[in-house]
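Here's a quick back-and-forth on how the labels for this protein come about. Have the structure open while you read.

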Amino acid sequence: MSHPVAKSTTTMETPRPEDVVNSYFDAIAAGDFARVRACLADKGFSNRSPISEFDNADAFVADISRVSAILERLERRRMFIDGNEVCVIVNYVTHMNMRQVTPVVHWIRVANGKITYIETFFDARAYEELFQVIKDVGR
């Protein structure tokens, strides 16, 4: 004879990967980098992009928080979900001496309700030129 199994009503359900990723981009758009950090895994986090690599969530957040001074808005164009992987295409609308729209693709992995990996793809030529000017000025 089988006995019914009691179900716990106090367990918290793990958020869907797309919800975690949406929270991450909501926080970036709001300039809330404490909330950005809360979306990232404490252990096992890594990030790769054409201009930087991080294996530490705190260092990554410190670096990306610099964009808040020039970020006007994020335009989310498309999101594709495959299990725990999410691909997001966004436009970063920034303004320094002129408005610029940079299309960016983020490939993001989520585990246990936290982002563990972000690989970012975009045309980094403008950034390479900026970094070269900074190097030249420092000489």
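Q: How many disulfides does the structure hold, and what would make a pair of cysteines count as one?
A: The count is 0 in this predicted model. To score, two cysteine sulfur atoms have to sit within 2.5 Å of each other, so with a count of 0 no pair meets that cut-off.

Q: Why is Cys39 called buried?
A: Its relative accessibility is 9%. The label "buried" needs a value under 20%, so Cys39 gets it.

Q: And what makes Cys87 buried, exposed or partly exposed?
A: Cys87 comes out at 24% relative accessibility. Buried is under 20% and exposed is over 50%, so 24% falls in between and Cys87 is partly exposed.

Q: How do you know whether Thr94 is buried or exposed?
A: Thr94, which is in strand E4, has a relative accessible area of 11%. That is under 20%, so Thr94 is buried. Leaving out residues up to four places away in sequence, Thr94 touches Ile70, Leu71, Glu72, Arg99 and Gln100.

Q: What makes Asn112 stand out, and why is it called exposed?
A: Asn112 isn't a glycine, yet it has a positive phi of about 55°. You'll find Asn112 in the loop between E5 and E6. Its relative accessible area is 75%, and exposed means over 50%, so the label fits.

Q: How do you know that E5 and E6 are paired?
A: Two strands pair if there are at least two bridges between them; E5 (residues 99-111) and E6 (residues 114-121) have 7, so they qualify. The sense is antiparallel, and one of the bridges links Ile108 to Ile118 in E6.

Q: What about E3 and E4, which run antiparallel?
A: There, 10 bridges join the strands; at least two are needed, so E3 and E4 pair. Leu74 stands opposite Tyr92 in E4. The hairpin of E3 and E4 has 2 residues between the strands, and Gly83 takes a positive phi near 65° in that hairpin.

Q: Which strands are called edge strands, and why?
A: The whole sheet first: 6 strands, open, in the order E2-E1-E6-E5-E4-E3, with mixed pairing. Strand E2 (53-54) and strand E3 (71-82) each pair on one side only, and that is what makes them the edges.

Q: Where does helix H1 lie relative to the sheet?
A: H1 (residues 17-30) lies across E3, strand E4 (85-95), E5 and E6. Its direction is at about 170° to E3.

Q: What makes a set of residues a nonpolar core, and which members of the largest one touch the most others?
A: The members must be buried residues of the nonpolar types, joined through side-chain atoms within 4.5 Å. The largest such core has 29 residues, and Tyr24, Phe25, Leu40, Phe60 and Ile115 touch the most other members. The elements that give it two or more residues are H1, helix H2 (33-38), helix H3 (57-64), E3, E4, E5 and E6. H1 gives the most, with 6 residues.

Q: What is Leu40 in contact with, leaving aside neighbours within four places in sequence?
A: Tyr24, Phe45, Ala57, Phe60, Val61, Lys114, Ile115 and Ile118. Contact needs heavy atoms within 4.5 Å, so each of these has heavy atoms that satisfy the cut-off with Leu40.

Conventions: Residues numbered from 1 in each chain as written. Predicted model: local features only at pLDDT ≥ 70, side-chain atom pairs only at ≥ 80, totals over all residues. Heavy atoms only, no water. Helix = DSSP H or I, 4+ residues; strand = E, 2+ residues; numbered from the N terminus. Axes fitted to C-alpha atoms, helices over the stretch in contact; angles between N-to-C directions. Buried < 20%, exposed > 50% of the residue type's maximum accessible area, 1.4 Å probe, protein only.
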